[in-house]
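Hello,

Here is the structure you are taking over. Please open it first, then read the notes below.

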Amino acid sequence: MSYPYQINSFEAYKEVYARSVQQPQNFWADIASNFKWRRKWDKVLEWDFNNYKTEWFKGAKLNITENCLDRHLEKLGNKPAIIWEPNSPDEHHRILTYNDLYQKVTQFANVLKNNGVKKGDTICLYMGMIPELAIAVLACARIGAIHSVIFGGFSAKSIADRLVNANAKYIITCDGAFRGGKDIPLKSLIDDALESVDFIEKVIVCTRTRTPVSMLKGRDVWWEDEIKKVETLGMAPAVAEEMDAEDPLFILYTSGSTGKPKGVVHACAGYMVYTNYTFVNVFNYKQGDVYFCTADIGWITGHSYIVYGPLSAGATTVMFEGIPTYPDAGRFWDLVDKHRVNILYTAPTAIRSLMSYGDEPLKGKDLSTLKVLGSVGEPINEEAWHWFHEKIGRGKCPIVDTWWQTENGGILISNLAGVTPAKPSWATLPLPGVQPCLMDEKGNEVEGPGQGNLCMKFPWPSIIRTTWGDHERCQQTYFDAYPGHYFTGDGAMRDEDGNYKITGRVDDVLNVSGHRIGTAEVENAINLHAGVVESAVVGYPHDIKGQGIYAFVIYNGTHNADDENLIRKDITATVSRIIGPISKPDKIQFVTGLPKTRSGKIMRRILRKIAENDVDNLGDTSALLNGEVVEDIKKGKI
Ligand code: WTA
């Protein structure tokens with residue numbers, strides 16, 4: 001495959017960028033013309049940020065899997081599409097060529113059909129990082145079922161909430177998942193979730209850990225048995241369903257500052273074009289490169305840059321089941337060495353964690369194949385950037401600092417590897433087609449160098465289409481703060497060259513190890529503990545995780561009241577049960593009151609300062625109803 005839309009020099013970037021602003025429709029039509037369409041679009045773009053609606057490539061018909069699979073078979077059929085590395089280095093890796101992947105996806109698509117799944121149905125995937133997850137994702141897309149992948153770190157209750165919100169009648173899961181030394185009982189968590197959900201028709205269970213699982217007659221079936229049925233029936237490879245450009249491709253739940261997680265909806269055509277375009281340009285992907293993204297498919301990075309982006313570009317994508325520190329902190333480097341990885345895309349939290357092990361895990365690992373490094377998910381601090389650059393990139397590899405969000409579908413601001421300049425800890429310039437701006441507190445646009453809230457003035461093809469089942473919420477969350485603009489929830493700085501540096505969330509969303517966590521959600525979970533009266537959750541700087549979760553809790557329970565540590569453990573267990581282990585507080589401080597304004601709102605600014613150990617700069621506390629609690633909270637700081 002060649003990529004006529006690949007940008008090769010800084011000069012070209014500037015030209016292309018200018019064109020993308022002046023003639024956005026032509027710009028995107030040219031890129032889109034490189035894909036396989038059943039029917040071309042009538043109109044490239046229709047949009048309205050005031051009464052939110054965005055439609056890209058209206059009237060076009062396609063199936064994303066024909067672009068990820070079918071169109072590659074003739075020339076790239078025998079090329080590895082997925083190289084899968086298991087959790088344990090003692091187990092063999094697997095290679096699926098494009099031919100293999102096509103065969104498995106079209107076969108599993110038949111399994112879905114045989115089990116009653118139809119175009120437009122929502123289907124929940126709760127699996128570990130095994131090739132069958134990628135196969136299941138693509139099989140859903142093949143038949144036009146809308147997948148909703150749930151990360152393995154969420155609890156049964158979180159799963160149930162998502163099943164109900166999406167009205168998903170089908171589930172694909174595994175007996176269990178290996179992650180480092182752990183075996184996560186996925187099917188058993190699904191069973192717990194299904195105690196409160198009664199509309200599930202089929203649960204397809206794929207074997208991985210062979211942990212004993214309960215299998216309910218009529219509802220639960222084994223993946224492998226279903227495959228055998230399809231083989232016995234001699235079914236032909238499932239033909240791709242013809243999808244409308246704007247048909248939903250998937251739902252992915254993400255946390256915001258209020259309420260329960262919302263289901264971000266992405267549409268078929270725009271998402272396909274944008275993930276491919278950004279994959280090829282940001283990483284400067286060349287045919288033959290081996291590309292390794294360390295994310296989990298349970299998050300947007302895995303959707304866009306393990307599955308859809310690389311596969312639509314005919315790339316070889318490495319998928320890793322395990323964690324960076326198992327069996328030791330040299331595992332990523334073993335993988336790079338073993339699979340001759342050229343492009344490595346990972347997260348600052350992983351870099352900081354591996355950095356803390358020193359040089360030992362790097363000894364004897366051949367990293368010479370690496371050409372490009374990438375970072376995503378949170379701001380990368382300079383120390384981590386330089387370590388990544390020197391130790392992993394041997395001073396030779398460009399690092400792309402890619403800024404984007406679940407709602408964006410793909411990378412919006414980043415340098416292009418080896419093409420546009422990098423600036424440590426800066427995401428740098430917007431991709432052509434992306435029009436960011438900064439807004440001040442009064443809602444006016446900041447011109448030139450400055451700081452403000454990061455917004456977008458113009459849509460890009462993979463912008464969120466709606467929040468599942470609640471379009472009003474989409475409008476309110478992203479488009480009401482700055483009329484006529486998409487608001488990201490992030491703050492940013494801009495230098496005189498137009499480079500952006502993301503300073504972090506300006507709302508009540510935390511970024512813990514690159515995972516998005518809503519403080520309100522954690523508070524609600526803590527408040528469900530029997531002895532808790534009220535709580536407030538804020539973030540604080542954490543050396544490895546970027547941010548840690550700090551909870552201030554008013555407790556009036558009696559049980560074990562003389563042992564605060566035991567209560568802390570109970571509260572933590574409660575959060576784990578309600579949301580999942582990923583949202584466990586790192587610190588819990590018991591307090592007698594929370595600082596409140598006269599209207600009864602918790603003043604988080606003060607709690608944040610205390611959690612950050614910046615107690616001398618609490619600012620004006622005169623508006624507080626109960627100023628006296630602040631001193632007590634300061635004294636009790638942990
Ligand atoms: C943060 C992950 C700084 C940001 C793809 C954003 C970043 C949130 C970067 C989205 C980066 C992501 N530099 N911050 N390169 N990339 N973020 O939805 O706060 O899981 O709003 O998407 O992560 O997280 P999400």
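Start with helix α7, residues 186-193. Six of its eight residues are buried, so the rest of the structure largely encloses this helix. The buried ones are L186, K187, L189, I190, D191 and A193. Keep in mind that this is a predicted model.

**The whole protein**

The protein has 18 helices and 31 strands. Its radius of gyration is 24 Å, close to the 26 Å that the globule rule gives for 638 residues, so the protein is as compact as a globular protein of that length. Along the principal axes, the C-alpha atoms fill a box of roughly 75 × 60 × 55 Å. Of the 638 residues, 61% are buried. Contacts often link distant parts of the sequence: among those with a separation of 6 or more, 71% join residues 24 or more positions apart. The exposed surface comes to about 23900 Å². Carbon and sulfur atoms supply 49% of that surface.

**The ligand**

Which residues are closest to the ligand? They are D401, T402, T406, D490 and R516, out of 17 that surround it. The shell is mixed: six of its residues are nonpolar, six are polar and five are charged.

Three polar pairs involve nitrogen in the ligand. A polar backbone atom of T402 is 2.7 Å from a ligand nitrogen. The side chain of D401 places an N or O atom 2.8 Å from a nitrogen atom of the ligand. For E378, a backbone N or O atom lies 3.4 Å from a ligand nitrogen. On its own, the ligand has 530 Å² of accessible area, and the protein covers 96% of this. Three elements give two or more residues to the shell: α10 (300-312), β20 (399-402) and β26 (500-505).

**Backbone points to check**

Most residues other than glycine have a negative phi, and most peptide bonds are trans. Three places here deserve a look on that account.

- The peptide bond from Y326 to P327 is cis, with omega near -5 degrees. P327 sits in the loop between β17 (316-320) and α11 (331-339).
- N167 is not a glycine, yet its phi is positive, near 50 degrees. Its loop runs between α6 (156-166) and β8 (170-174). With a relative accessible area of 39%, N167 is partly exposed.
- S425 also has a positive phi, near 70 degrees, and is not a glycine. This residue lies in the loop between β20 and β21 (436-439). At 7% relative accessibility, S425 is buried.

**N626**

Last, look towards the end of the numbering. N626 lies in the loop between α17 (604-611) and α18 (628-635). Is N626 buried or exposed? Its relative accessibility is 15%, so N626 counts as buried; the cut-off for buried is under 20%.

What does N626 touch beyond its neighbours within four places in sequence? The contacts are L594, P595 and K596. K596 is 30 residues away from N626 in sequence, but their C-alpha atoms are 6.5 Å apart in space. L594 adds a polar contact: its backbone oxygen lies 2.9 Å from a polar atom of the N626 side chain.

Best wishes

Technical notes:
Residues numbered from 1 in each chain as written. Predicted model: local features only at pLDDT ≥ 70, side-chain atom pairs only at ≥ 80, totals over all residues. Heavy atoms only, no water. Buried < 20%, exposed > 50% of the residue type's maximum accessible area, 1.4 Å probe, protein only. Helix = DSSP H or I, 4+ residues; strand = E, 2+ residues; numbered from the N terminus. Near = heavy atom within 4 Å. Polar contact = N/O pair within 3.5 Å; in protein donor to acceptor, adjacent residues only side chain to side chain. Areas by Shrake-Rupley, 256 points an atom, 1.4 Å probe, with all protein chains shown as cover. Nonpolar A, V, L, I, M, F, W, Y, C, P; charged D, E, K, R; others polar. Rg over C-alpha atoms; globule rule 2.2 N^0.38 Å. Contact = heavy atoms within 4.5 Å.
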